[in-house]
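Here is a short walk through one protein model. Keep the sequence and the 3D view side by side as you read.

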Amino acid sequence: MKILKTDKRLIDEGYRYKIKGDLISDLEIDLMDLDKPLYVTGFIVANGYIEAGESIEAGEFIVADWFIKAGEFIKAGGYIKAGRFIEAGGSIVADWYIKADGFIKADGFIKAGRYIEAGGYIEAGEFIKAGGYIKASGDIEAGGYIEAGEFIKAGGFIKADGYIEADWYIKANRRIKSG
């Protein structure tokens, strides 16, 4: 489903577009035509992919069977979940968790209230922070710090230009490097 600027559900708030309720598609949700960020008061669900040139924000959760990709930030009041990958030109933020079967990548930071989990790698240009745990089958890498309230576990290496901190433990199958 392609959402155009002329879509009757869009409310132009000046700095962003808003859709009251939920945005659901049996296929993809293509937001590339929008010239402002999109805020959906409910949840966003696509059986295919979700892609935007600007930001994507949901009051509840964002789920795609394939991937979620935004030119700016991705933010959810609940969780963010993708069958393949999650990628943002800005930051990725969820009040609950962020989970992808493939990779999670943000040019900004990645932050979740509970956990961040990837079947591939996790990479952030700035920091990675979770109230619970951070777990990846591949590498975990941040341009800033990596911090978890419980543990940090990587199938590959863990690397941060800043500090790496967890209350329980930090484990990598390869190496751990900070600073």
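A nonpolar core is a set of buried Ala, Val, Leu, Ile, Met, Phe, Trp, Tyr and Cys residues joined through side-chain atoms within 4.5 Å. Buried means under 20% relative accessible area, exposed means over 50%, and partly exposed lies in between (1.4 Å probe, protein chains only). The model is predicted: local features need pLDDT of at least 70, side-chain atom pairs count only at pLDDT 80 or more, and totals for chains, interfaces and linings use all residues. Residues are numbered from 1 along each chain as its sequence is written, and side-chain values use heavy atoms, with hydrogens and water left out.

Start inside. The largest nonpolar core has 53 residues. Those with the most contacts inside this core are Ile50, Ile116, Ile122, Ile134, Ile140 and Ile146. Take Ile50 and set aside its neighbours within four places in sequence. Contact means heavy atoms within 4.5 Å. On that basis Ile50 touches, among others, Ile29, Leu31, Ile44, Ile56 and Ile62. Its contacts also include Val63, Ala64, Phe67, Ile68 and Lys69. Apart from the largest core lies another, of 9 residues. Phe43, Val45, Phe61 and Tyr133 are among them. In soluble globular proteins, nonpolar side chains tend to be buried together.

Now the strands. Helices (H or I, at least four residues) and strands (E, at least two) are DSSP runs, numbered from the N terminus. Two strands pair if DSSP finds at least two bridges between them. Strands of a sheet pair through backbone hydrogen bonds, either parallel or antiparallel.

One open sheet holds 9 strands in the order 3-6-9-12-15-18-21-24-27, and the pairing is parallel. Strand 3 (23–25) and strand 27 (169–172) stand at its edges. Each has a single partner strand, so one side of each is left without a neighbour in the sheet. Neighbouring strands of this sheet are turned by 5° against each other on average, direction ignored. That angle is taken between axes, which are lines fitted to C-alpha atoms (for helices over the stretch in contact); angles run from 0 to 180 degrees between N-to-C directions.

Look at some pairs in this sheet. Strand 15 (residues 97–100) and strand 18 (residues 115–118) run parallel, joined by 4 bridges. Here Lys99 stands opposite Glu117. Further along, strand 21 (residues 134–136) pairs in the parallel sense with strand 24 (residues 151–154) over 3 bridges. Ala136 faces Ala154 there. Strand 24 is in turn joined to strand 27 by 4 bridges, again parallel. Phe151 has Tyr169 as its bridge partner in strand 27.

There is also an open sheet of 9 strands in the order 4-7-10-13-16-19-22-25-28, with parallel pairing. Its edge strands are strand 4 (29–30) and strand 28 (176–178), and each pairs on one side only. Begin at strand 4: it runs parallel to strand 7, with 2 bridges between them. Ile29 has Ile50, the core residue met above, as its bridge partner. Strand 7 (residues 50–52) then pairs in the parallel sense with strand 10 (residues 67–70) over 3 bridges. Glu51 stands opposite Lys69 in this pair. Strand 10 and strand 13 (residues 85–88) also pair in the parallel sense, over 4 bridges. Ala70 has Ala88 as its bridge partner in strand 13.

Which side chain does Glu147 reach with its own in a polar contact? A polar contact is a pair of N or O atoms within 3.5 Å; within protein, one must be able to donate a hydrogen and the other to accept it, and residues adjacent in sequence count only if both atoms are side-chain atoms. The partner is Tyr163, at 2.6 Å. Glu147 is found in strand 23 (residues 146–148). At 17% relative accessibility, Glu147 counts as buried.

Last, the charged pairs. A salt bridge is a side-chain nitrogen of Lys or Arg within 4 Å of a carboxyl oxygen of Asp or Glu. A search of the whole structure finds 10 salt bridges. In one of them, Arg114 meets Glu150, with the closest N and O atoms 2.9 Å apart. This pair links distant parts of the chain, 36 residues apart. Arg114 is partly exposed at 36% relative accessibility, whereas Glu150 is buried at 14%. Lys159 forms a salt bridge with Glu141 (3.9 Å between the closest N and O atoms). Lys159 lies in strand 25 (residues 158–160) and Glu141 in strand 22 (residues 140–142), so the pair ties together parts that are 18 residues apart in sequence. Lys159 also meets Asp161 in a salt bridge (3.5 Å, N to O). Finally, Glu13, Arg16 and Lys18 are linked in a network of salt bridges.
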